[in-house]
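User: I've got a structure open and I'd like to talk it through with you. Mind if I throw some questions at you as I look around?

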Amino acid sequence: MARHDDFFELGGHSLLATQAVSRIRREFDIELPLAALFDRPTVRGLAELVSGAETADADTGPRPSHVLAPAPQPRDCPPPLSFAQQRLWFLDQFEPGSPAYAIPMPIRLPGDLDIKALRAALNAVVARHEVLRTRIETENGVPRQLIDPPTPIPYT
């Protein structure tokens, strides 16, 4: 791949893009959003972003919004529900506990299962993504998000 070749024209797709951005994050210690690769799908374009980015640990002032992921926002109160969350909460009022949006799908994976690695991976995913720790409770008829702190998943 030459510096001006387009990642997607060379056969790149969203899964490879995710892997590429993950590797860039790890190698250069920056927070680079996936959208950056879609905006600048060449080595040269990404190099410009990486060279202009600050490290993920640095906190030295404003960062270019096109380079780094948004910084976490302080939470003085529970965040409002998104439109999708409002819709699902509304539907749940008519049929509480409905499994309509939970679609179980067993998958058989070949080989031995490394339970310790699986637990570590699942706990890391849950710790990283607030939405997996978010529950909706109603206060005076108004739904609100409550985000639980990361805790290890109990296994039986």
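User: Let's start at the bridge partners: which residue in E2 partners Thr138?

Analyst: Keep in mind that this is a predicted model. Strand E1 covers residues 134-139, while strand E2 covers residues 142-147. In E2, the bridge partner of Thr138 is Pro143.

User: And which residue in E2 does Glu139 stand opposite?

Analyst: E1 and E2 pair in the antiparallel sense, over six bridges. Within that pairing, the residue of E2 opposite Glu139 is Val142.

User: Which residue in the hairpin of E1 and E2 takes a positive phi?

Analyst: Two residues sit between the strands of that hairpin. The one you're after has a phi of about 55° although it is not a glycine, and it lies in the loop between E1 and E2. That's Asn140.

User: Is Asn140 buried or exposed?

Analyst: The cut-off for exposed is over 50% relative accessible area. Asn140 has 77%, so it counts as exposed.

User: Where does Asp29, with its positive phi, lie?

Analyst: Asp29 has a phi near 55°, and this residue is not a glycine either. At 33% relative accessibility, Asp29 counts as partly exposed. Its place is the loop between H1 and H2.

User: Back to the strands. Which side chain meets Arg135 in a salt bridge at 2.4 Å, N to O?

Analyst: Arg135 is partly exposed, with a relative accessible area of 35%. The partner is partly exposed too, at 34%. At 2.4 Å, N to O, the side chain that meets Arg135 is that of Glu137.

User: How many residues apart in sequence are the parts tied together by Asp148 and Arg135?

Analyst: The side chains of Asp148 and Arg135 meet in a salt bridge at 3.0 Å, N to O. Asp148 lies in the segment after E2 and Arg135 in strand E1, so the pair ties together parts whose separation in sequence is 13 residues.

User: What is the N to O distance in the salt bridge of Arg144 and Glu139?

Analyst: Arg144 counts as partly exposed at 27% relative accessibility, and Glu139 counts as partly exposed at 43%. Their side chains meet in a salt bridge, and the N to O distance is 3.2 Å.

User: Which residues are linked in a network of salt bridges?

Analyst: The salt bridge count comes to six. The residues linked in a network are Arg40, Arg44 and Glu48.

User: Now for the inside. Which helices each supply at least two residues of the largest nonpolar core?

Analyst: That core has eleven residues in all, among them Phe7, Ala17, Ile24 and Leu46. The helices that each supply at least two of its residues are H1 (14-28), H2 (34-39) and H3 (43-52).

User: Leaving aside neighbours within four places in sequence, which residues is Ala17 in contact with?

Analyst: Ala17 belongs to the largest nonpolar core. With those sequence neighbours left aside, its contacts are Phe7, Phe8, Leu34, Leu37 and Phe38.

User: What about the surface: how much accessible area does the nonpolar patch with Phe90 have together?

Analyst: Phe90 lies in helix H4, residues 83-94, and it counts as partly exposed at 46% relative accessibility. Its partners in the patch are Leu88, Leu91, Phe94 and Tyr101. Together they have about 540 Å².

User: To zoom out, what pattern does the chain follow along the sequence?

Analyst: The chain has 156 residues, and buried ones make up 17% of them. Its secondary structure comes to five helices and two strands. Read along the sequence, the pattern is α-α-α-α-α-β-β.

Technical notes. Residues numbered from 1 in each chain as written. Predicted model: local features only at pLDDT ≥ 70, side-chain atom pairs only at ≥ 80, totals over all residues. Heavy atoms only, no water. Helix = DSSP H or I, 4+ residues; strand = E, 2+ residues; numbered from the N terminus. Buried < 20%, exposed > 50% of the residue type's maximum accessible area, 1.4 Å probe, protein only. Core = buried A, V, L, I, M, F, W, Y, C linked by side-chain atoms within 4.5 Å. Contact = heavy atoms within 4.5 Å. Patch = residues over 30% accessible without salt bridge, like charges linked within 9 Å, V, L, I, M, F, W, Y side chains within 5 Å. Areas by Shrake-Rupley, 256 points an atom, 1.4 Å probe, with all protein chains shown as cover. Salt bridge = Lys/Arg side-chain N within 4 Å of Asp/Glu carboxyl O. Pairing = 2+ DSSP bridges.
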